[in-house]
Amino acid sequence: MSTALNEKPNAEMLPASSGAAILQDGHYLAPPEDKDGKLWVRTSALVQGSPEQLYDLWRATENAPLWQEQVEEVVITGINTSRWTMKDGDKTLTWNAEILADEPGKRVAWRSLDGDLHEAGEVVFEPAPGDRGTFVTLLMEFKSGKLASAWESLTGRNPKQGVIENLRHFKALAETGEIPNSQTAPHGDRGFVGKMKRSMYGENIPTPPGATAV
Amino acid sequence: MKAVCWMGTSKVETLTVPDPELVNPHDAIIKITRTAICGSDLHLFDGFIPTMEAGDIMGHEFMGIVEEVGKEVHNLKRGDRVVVPFTIACGSCLFCKKKIWSACDNTNPNAHLMEAAYGYSGSGLFGYSHMMGGYAGGQAQYARVPFANVGPLKLETDLPDEKVLFLSDIFPTGYMAAENAQIIPGDTVAVWGCGPVGQFAIASAFMLGAARVIAIDRLPERLAMARSIGAITVDYAEDDVKVLTALKDLTGGVGPDSCIDAVGLEGHSSQLQGVYDKLKTAVMLETDRPVVLRQAIQAVRKGGTLSIPGVYGGLLDKVPFGAAFGKGITMKMGQTNMHNYMKPLLERIEKNQIDPSYIISHRITLDKAPEMYKVWRDKKEDVTKIVIDPWQ
């Protein structure tokens, strides 16, 4: 580094590389492009909490139904494996997943093994600059085609938006102990158009419960 | 329960709907004892805010008695009397920690809709479209209040509802507008719009040290009310009155130190630009009618401050940004950070520095609300503020 600027009282050290390939030697890298039959999504959230606390909440895999949309059940089947079920009405998706990397307080990486969904992902927990919480960065990959669009036809939501919403739910649950929900708001007759628009707003996808009891 | 429902542009109905229920652990159910119709409800009524849907319960100014609380609400109990802020805040995210409550990260379940339009989502609001959260509003007999551990102001006083109801929105909104105007003692402040928020901005400007306040409107009852608390009034609709000239005349040619736009996206103008904006919004080439914003940018003195409590929703045309830059003005705006103001303003009411009920002109029932929305929109019957008793 040059000596052109020598007064940076609060500047923090930059990591050589950062979570989910956002930063390399101080330079921002765009998220991977969708191609070769793969959909990519990268999203991040600034969450109030330590990397360790947030890692613990994420790593409690069996609690995923509390904050991941339409995940009905996660059964732990081994030290690093689990079976996932998503449900909407009488439609279900099931798949097995395994954890590929597990660095407590820092990072988890996983992939699906077999079943209705082909996906892989990584979540990274890094202290935000200025002691303002933790950056939680999520990078996920879906194999498109018949299997990846299974998610879309089940949820009515592009899997990319589903990942963004799930991270939003995770943040809300971590910060407040609940997930905001207005889907049960009382209302007068919506008529035909009003009912149609609910799906446009994503309000036909049940908000995950977050906390277990009111 | 009975509730006032939006049923399409220019159409509201009082309907029987299901009672609200607790959903989350920080919720409370409030039995509403007083609620009101806000100027910003007219933006919904007139169809200016997207993502309102038939059946949505309106209203974001309300107070009442706690009926039931979720298991994580420890500061309130059944029977407590509360005023509810119109913005919902979680109290735990970075923005709440910074006391920018109206930017709360965790209270808008439909944040993705706001993100698409604004880049980021602000907090959820009661009764103000699906984009702003899809929460049922308070022009009803009951409401579910999320994060009741953070928002509602518990009243330990026997002040009547009418004196404290406006702590739910318009008094703090007018006050924050005056605070955002960066008034120092001796300043002259101009306020466009003498509706409820404008009235409280005028009152607050005086409380914060303004030497003179100039109030601009066209409705005689509002101008009279502004004069009654000490403002100079300018009627922009009078023949030969030009607002910019008037403000120069009244400030020795300097211009007001601070300008407050308490009108927002549905501004009226008797001049040519009013017609221009009406046409452009009619054919969807712009969404807002920023006549006041344009005028205020031109009117404020060099280096002055423009504060904007009036709601803008979308795309504005022909905003004189060169004038803003050329004079080096400061602009401050946004939804009210309610939670900062409710307690200190309650203290001002308790000390009798102000009695906010002076703006009330109509007291009605829920059944009468649909017809009063039209009166409110058309500014008939000398209406200045409509308050609803939902149990009458």
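## Fold and dimensions of chain B

Chain B of this predicted model contains 13 helices and 16 strands. Its C-alpha trace extends over about 60 × 50 × 45 Å along the principal axes, and its radius of gyration is 20 Å, which agrees with the value near 21 Å that a compact globule of 392 residues would have.

Of the 392 residues in chain B, 55% count as buried. When contacts in chain B are restricted to residues at least 6 apart in sequence, 73% of them join residues at least 24 apart.

## Domains of chain B

Chain B is divided into domain 1, made up of residues 2-169 + 336-388, and domain 2, which covers residues 173-333. The C-alpha centres of domain 1 of chain B and domain 2 of chain B lie 26 Å apart, and the contact between these domains takes 18 residues from domain 1 and 17 residues from domain 2. On the side of domain 1 of chain B that touches domain 2 of chain B, the classes are six nonpolar, seven polar and five charged residues.

## Confidence

The predictor assigns the complex an ipTM of 0.92 and a pTM of 0.93. Chain B has an average pLDDT of 95, with 98% of the residues scoring at least 70, while chain A has an average pLDDT of 89, with 93% of the residues scoring at least 70.

Within chain A, confidence is highest in helix H1 (residues 51-59), at a mean of 97, and lowest in helix H3 (residues 148-155), where the mean is 67.

## Contact between the chains

In the complex, 33 residues of chain A are in contact with 44 residues of chain B. Helix H4 (159-176) and helix H5 (191-200) of chain A each supply at least two residues of the side of chain A that touches chain B, and H4(A) gives the most to that side, with six residues. By class, the side of chain A that touches chain B has nine nonpolar, 15 polar and nine charged residues.

## The surroundings of Cys5(B)

Cys5(B) is placed in strand E1 (residues 2-6) of chain B. Because 29 other C-beta atoms lie within 10 Å, and 20 or more are enough for a residue to count as buried, Cys5(B) is classed as buried.

Leaving aside residues up to four places away in sequence, Cys5(B) touches residues of chain A, namely His187(A) and Gly188(A), as well as residues of chain B, including Val12(B), Glu13(B), Leu15(B), Gly55(B), Asp56(B), Ile57(B) and Met58(B). The C-alpha atoms of Cys5(B) and Val17(B), which are 12 residues apart along the chain, are separated by 9.3 Å.

## The surroundings of Leu76(B)

Leu76(B) lies in the loop between strand E5 (61-69) and strand E6 (81-84) of chain B. Since Leu76(B) has 19 C-beta neighbours inside 10 Å, and a residue is buried only with 20 or more, Leu76(B) counts as partly exposed.

Not counting residues up to four places away in sequence, Leu76(B) touches Ala28(B), Val66(B), Val69(B), Val82(B), Ala148(B), Pro152(B) and Lys154(B). Leu76(B) and Leu153(B) are 77 residues apart in sequence, yet their C-alpha atoms are 9.7 Å apart in space.

Notes. Residues are numbered from 1 along each chain as its sequence is written. Chains are lettered from A and ligands numbered from 1 in the order in which they are written. This is a predicted model: local features need pLDDT of at least 70, side-chain atom pairs count only at pLDDT 80 or more; totals for chains, interfaces and linings use all residues. pLDDT is the predictor's confidence in each residue, from 0 to 100. Helices (H or I, at least four residues) and strands (E, at least two) are DSSP runs, numbered from the N terminus. Two residues are in contact if their C-beta atoms, placed from the backbone, lie within 7 Å. Ala, Val, Leu, Ile, Met, Phe, Trp, Tyr, Cys and Pro count as nonpolar, Asp, Glu, Lys and Arg as charged, and the others, Gly among them, as polar. A residue is buried if 20 or more other C-beta atoms lie within 10 Å of its own, exposed if 12 or fewer, and partly exposed in between; C-beta atoms are placed from the backbone. The radius of gyration is taken over C-alpha atoms; the globule rule is 2.2 Å times the number of residues to the power 0.38. Domain bounds come from an automatic or database domain assignment.
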